[in-house]
Structure formats: structure tokens, C-alpha cells
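Q: I have a model open and would like to learn how to read it. Can we go through it one feature at a time?

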Amino acid sequence: MTDPLMPASVAFREDGTPYSVLHDDIYHSAAGALAQARHVFLEGNALPRRWRDARTFTVLETGFGMGINFLTTWSAWRDDPQRCETLHFVSLEKYPMTRADLERAFDAVIDDPALAQRAHDLAHVWPALTPGTHAIAFEHDRVRLTLIFADAVTALPALDMRADAFYLDGFSPAKNPELWSPALIAALTRMANEGATLATYTSAGAVRRALIAAGFDARRAPGFGWKREMLVGRFVGAPTVMHDQNN
Ligand SMILES: C[S@@+](CC[C@H](N)C(=O)[O-])C[C@H]1O[C@@H](n2cnc3c(N)ncnc32)[C@H](O)[C@@H]1O
């Protein structure tokens, strides 16, 4: 049995910044969202360099939101002459946006024409807001987007896949602790390919400790814009601490 889906409660500030009324937190700032996604998630995972050695490179993201991280990753892949054959982007989203909100958010945040075209392509195939997995393909099946409309807390531990890079992007830990629990972070390690990396804009100590306990060598790195620090890391081994999955 799957829980019924609740669409995102999106509102827009005067400057166009989309935010979640439910979480009282922004999806992306209206200015600099694309540069932030590149700095935190692409550079934080040493991309594009790392996908050049792979045939298929798989990203796993918590919190698809308006898909800015997906669109910047897709663009970087497309612009890279040494790109891997297939880019697979898997993302979990508990409160997906309606197509109308998605398009309005794109208009407010995307200032790059190539990315705007890709955003348009995504909006065009945006699935019905029904719970479960929605597989979407672009670029003649070389860019695969698997959208999982579900609560990551229950869906992530049940996922059967391997990831080369983790994008942890679920609103701030203070406002949305459920996406940053030690149990959820430990569940990632089960899916980590050898040498898998992670990046997140947060530098919260509790998140860093949970990542280290789960087997990532999480460390602070320079953040983007006003954010002094973020976290990056590589999967280096089995968890050093057992976690109670009910925590
Ligand atoms: C900061 S936004 C993500 C921005 C997004 N990565 C992008 O590139 O546009 C955080 C997202 O996490 C989602 N979220 C919050 N709790 C969740 C949960 N338990 N499971 C899955 N997604 C969740 C929110 O609905 C929101 O879309």
C-alpha cells in the first residue's frame, strides 16, 4: 500500500524565489541557483571528471524539488565531449510540484537559454502526480531520469540500485530533520558503488557525524555564496556504528 501523494505547497516571493509553505524553506534562490547547483553538487562530486571513466554514471538525489540539480547535471553531461555513455539520475520526491508550479519556478530561476530549453523538455514530459516510480528518458535514452514520488524515509531503504554520486538536498536539517536522520544516511551506504561520492550544501555537524558513522569520509568544503561551508565525502568503507533503523 502506498500513501496518497500530497503535491508541493509552492509559493513565490516578490523576487520570484520559490519556497515551500509546508517547510518554510526555499527551493533555490532566484539569483544564482544554477551556479550554486554547479558548485555544490557537480564540483562537490568532482563532476564531470568522474563520469569520464564510466560507461553508466548514476546519481541518487534526495529531494527532486524543481529539478535544478538534474537540469544542471544534464547540461554539464551534454557539454562534456568526454561524457559517459549513459547518465542515470534517480531522485526521490515526497511532495512533487504540479506542472504549472514547475514552469513558474523555472521562469523565475533559470537565466540560461540552453538550460531553459531542457527545463521546457522536462515540463513537457512531467508525469502525473501519482505515487511510485516514473521513468523518463532524454537524449535518445542516454539521459535517464527516474523520479520516485514517495517518502524517502520509507522508499530509500527499499531501493535496489547502485549509485556513484549522492546529492543530499532536502531542505535544511533544522526544518526537515526526517531527510537527514542517521538511519536514512546509513541506508545510502548499501547503494554506494566503490568510490561513490556525496555532496550537500549543509555543513551541519550532526549530518557530518552521521555520514562518517555510515562510512563516508565527510569533510567541510567551501560553500557557495553566503554559505561558508558545505559537506563533501567519499564512501570509504562499511559503517563503523550500527544504527537502529527505527530511530
Ligand atoms: C531544497 S528542495 C530540493 C531542490 C532540488 N534538488 C532542485 O534541484 O530543485 C528539497 C526537496 O525535498 C523534498 N522532500 C522533503 N521531505 C522529503 C521526504 N521525506 N522524501 C522525499 N522528498 C522530500 C521537498 O519536497 C523538496 O522538493
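Q: In which loop does Ala46 lie?

A: Start with the model itself: it is predicted. Ala46 lies in the loop between H1 and E4.

Q: What is phi of Ala46 near?

A: Look at the sign as well as the size. Phi of Ala46 is near 55 degrees. That is a positive value in a residue other than glycine.

Q: Is the peptide bond from Leu47 to Pro48 cis or trans?

A: Read omega for this one. The bond from Leu47 to Pro48 has omega near 10 degrees, and the peptide is cis. Pro48 is found in the loop between helix H1 (33–42) and strand E4 (56–62). Ala46 lies in the loop between these two elements as well.

Q: Now the ligand. Where does the ligand sit?

A: Check pockets before contacts. The ligand sits in the largest pocket.

Q: Which residues come nearest to the ligand?

A: List the shell, then pick out its inner members. There are 24 residues around the ligand. Gly63, Asn69, Glu93, Asp169 and Glu178 come nearest.

Q: How many residues of each class does the shell have?

A: Sort the shell by side-chain class. Around the ligand are ten nonpolar residues, eight polar ones and six charged ones.

Q: Which helix and which strand each supply at least two residues of the shell?

A: Map the shell onto secondary structure. Helix H2 (68–79) does so, and so does strand E5 (86–93).

Q: Which distances separate polar backbone atoms from the ligand's oxygen atoms?

A: Take the pairs one by one; the cut-off for a polar contact is 3.5 Å. For Asn69, a polar backbone atom is 2.8 Å from an oxygen atom of the ligand. For Gly65, the distance from a polar backbone atom to a ligand oxygen is 3.4 Å. For Phe64, a backbone N or O atom lies 3.4 Å from an oxygen atom of the ligand. As for cover, the ligand on its own has 600 Å² of accessible area, and the protein covers 99% of it.

Q: What does UniProt list for residues 115–233?

A: Treat a record as an annotation. In an unreviewed entry, UniProt lists this span as "domain: MnmC-like methyltransferase". In the model, residues 115–233 are 26% helix and 32% strand. The end C-alpha atoms of the span lie 28 Å apart.

How values were computed: Residues are numbered from 1 along each chain as its sequence is written. This is a predicted model: local features need pLDDT of at least 70, side-chain atom pairs count only at pLDDT 80 or more; totals for chains, interfaces and linings use all residues. Side-chain values use heavy atoms; hydrogens and water are left out. A residue is near a molecule or strand if one of its heavy atoms lies within 4 Å of it. A polar contact is a pair of N or O atoms within 3.5 Å; within protein, one must be able to donate a hydrogen and the other to accept it, and residues adjacent in sequence count only if both atoms are side-chain atoms. Accessible areas come from the Shrake-Rupley method with a 1.4 Å probe; for residues, only the protein chains shown count as cover. On a 1 Å grid over the protein atoms alone, a cavity is a set of points where a 1.4 Å probe fits but cannot get out, and a pocket is an open set with protein on both sides within 12 Å along at least five of seven lines; lining residues have an atom within 4 Å of a point. A molecule sits in a cavity or pocket if more than half of its atoms lie within 2 Å of its grid points. Helices (H or I, at least four residues) and strands (E, at least two) are DSSP runs, numbered from the N terminus. Ala, Val, Leu, Ile, Met, Phe, Trp, Tyr, Cys and Pro count as nonpolar, Asp, Glu, Lys and Arg as charged, and the others, Gly among them, as polar. UniProt positions are given in the numbering used here, feature names are shortened, and annotations may be inferred rather than shown by experiment.
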